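Q: Could you walk me through this structure? I would like the overall picture, then some details.

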Amino acid sequence: MKYRLSVICISVLLPPISGEMKVIDLTWAHSKEMPQWPVEGIPKFKLNIVNRGFLAKLWFEINWFVTPEHGGTHFDSPAHFAKGKWRAHEIPPERLIGPAVVIDVTSQAERDHDYRVTKSDFDRYEREHGRIPHGAIVLINSGWGARFQDKKLVFNSEKIDDPSTYHFPGYHEDAISWLLTNRNVSMVGVDTPSLDYGQSTTFKVHVLCGQNGIIGLENVANIDQIPVFGATIFVGAMKVFDGSGGPARIIATFDPLVSHEYRTTWIVVIVTSVLFGIYGIYITCFRMRRVGARHTE
């Protein structure tokens, strides 16, 4: 009866944290409305519809499109800012998957639109959640995703074709230098248009990442919907031969057990399970001693 009670208690607690794996799309739709960095000679995205209708009694759709490499949700190959480094088709597949690390700087970015992630932000993360793991994909959540549907809000400027007027958060080069020297990461990403903050003219973060073979992710969507640790990220990087980057479909998966809303329940389950386990061992030993005592009599 006591064992049944323990099983019932644990089974009541477990359902909220043992559901199916959650999957979150971290990608904005690739379209002509997406923000892209203004570079002379780079066309805007265009989808050309060849056929969208019935063809020989069968519905048939086929199109072709033109797209910039670095528009919307996309990846930067190391070659983007470093000569002789990996181009898009050369990136090893094992670098396209890794544990997510989310650095939350929403409050800092709200106060300072030119905020740059510092080493102290990494220190704070590691104090609260442990060491940044091997092969991590590090993302910053600045809250900029809420601006994506409006280019003027994304670039934080009335002149979206003039980069000198841009104001949005990014990484500080000193923080990236520390991260790449002291932690083994695969990618770094942002929910803004650039790894470097909006006012950068030297793009030192891009250069550091490129020189160290680190892939960049920009305009990442829905970062606020994944836990700060415990998720796994998959980057479907378009394998364009000799490309300096390209469109990416980025997916995050995680067990709800790791999310903040279930953490307390998870702790309760573990503690309860341990206590019932100890209790079960105690009862078993007590009964064995009683049986042994009877045989002795």
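**Helix α3 and its salt bridges**

A: Aspartate 123 counts as partly exposed, because its relative accessibility is 25%. Please keep in mind that this is a predicted model.

Q: What does aspartate 123 pair with in a salt bridge?
A: The partner of aspartate 123 is lysine 119, with N and O 2.9 Å apart.

Q: How far apart are those two, lysine 119 and aspartate 123, in helix α3?
A: Lysine 119 and aspartate 123 are four residues apart in helix α3, so about one helical turn separates them.

Q: And lysine 119, how accessible is that one?
A: Lysine 119 has 34% relative accessibility, so it counts as partly exposed.

Q: Which residue does arginine 124 bridge to?
A: Arginine 124 forms a salt bridge with aspartate 121, and their closest N and O atoms are 3.1 Å apart. Both residues of this pair, arginine 124 and aspartate 121, sit in helix α3, three residues apart, which is about one turn of the helix.

Q: Is aspartate 121 buried or exposed?
A: Aspartate 121 is buried, because its relative accessible area is 3%. Its partner arginine 124 is at 24% relative accessibility and so counts as partly exposed.

Q: What about glutamate 126, where is it?
A: Glutamate 126 is in helix α3 as well, which covers residues 119-129. Glutamate 126 is buried, with a relative accessible area of 16%.

Q: What is glutamate 126 in contact with?
A: Once neighbours within four places in sequence are left aside, glutamate 126 is in contact with Arg131, Ile132, Trp178 and Arg183.

Q: Trp178, which helix is that in?
A: Trp178 belongs to helix α5, residues 173-182, and is one of its buried residues. The others buried in that helix are Glu173, Ala175, Ile176, Leu179 and Leu180.

Q: What do the buried residues of α5 pack against?
A: They pack against two helices, α3 and α6, and against the strands β6 (116-117), β7 (136-141), β8 (170-171) and β9 (185-189).

Q: Stepping back, how many helices and strands does the chain have?
A: The chain has seven helices and twelve strands. Of its 297 residues, 42% count as buried.

Q: What share of the contacts join residues at least 24 apart?
A: Among contacts between residues at least 6 apart in sequence, the share is 74%.

Q: How many salt bridges are there in the structure?
A: The structure holds eight. One of them joins aspartate 25 to arginine 249, with the closest N and O atoms 2.8 Å apart. That pair links distant parts of the chain, since aspartate 25 is in strand β1 (residues 22-25) and arginine 249 is in strand β12, 224 residues apart.

Q: How accessible is aspartate 25?
A: Aspartate 25 is partly exposed, with a relative accessible area of 25%.

Q: Changing topic to empty space. How many cavities of 30 Å³ or more are there?
A: There is one cavity of that size in the structure. The space in the largest cavity is about 50 Å³.

Q: Which residues line the largest cavity?
A: The lining is made by Asp76, Ser77, Pro78, His80, Phe81, Leu195, His206, Cys209, Gly210, Ile214, Ile215 and Gly216. Two elements, α6 (204-211) and β10 (215-218), give two or more residues to that lining. The largest share comes from α6, with three residues.

Q: Now the outside. What area does the chain expose?
A: The chain exposes about 16,500 Å², and carbon and sulfur atoms supply 58% of it.

Q: Which residues make the nonpolar surface patch?
A: Leu47, Ile49, Phe65, Met238 and Val240 make a nonpolar patch of about 410 Å².

Q: Where is valine 240 found?
A: Valine 240 is in the loop between β11 (229-237) and β12 (245-254). Its relative accessibility is 30%, so valine 240 counts as partly exposed.

Q: Last one, glycine 53. Where is its place?
A: Glycine 53 is in strand β2, residues 46-55. Glycine 53 is buried, at 14% relative accessible area.

Q: What does glycine 53 touch?
A: Not counting residues up to four places away in sequence, glycine 53 touches Leu58, Trp59 and Phe60.

Definitions and conventions:
Residues are numbered from 1 along each chain as its sequence is written. This is a predicted model: local features need pLDDT of at least 70, side-chain atom pairs count only at pLDDT 80 or more; totals for chains, interfaces and linings use all residues. Side-chain values use heavy atoms; hydrogens and water are left out. Buried means under 20% relative accessible area, exposed over 50%, partly exposed in between (1.4 Å probe, protein chains only). Contact means heavy atoms within 4.5 Å. Patches are made of residues with over 30% relative accessible area and no salt bridge: like charges are joined within 9 Å, nonpolar side chains (Val, Leu, Ile, Met, Phe, Trp, Tyr) within 5 Å. Accessible areas come from the Shrake-Rupley method with a 1.4 Å probe; for residues, only the protein chains shown count as cover. A salt bridge is a side-chain nitrogen of Lys or Arg within 4 Å of a carboxyl oxygen of Asp or Glu. On a 1 Å grid over the protein atoms alone, a cavity is a set of points where a 1.4 Å probe fits but cannot get out, and a pocket is an open set with protein on both sides within 12 Å along at least five of seven lines; lining residues have an atom within 4 Å of a point. Grid points are joined across faces, edges and corners, and a volume is the space filled by probe spheres set on the points.
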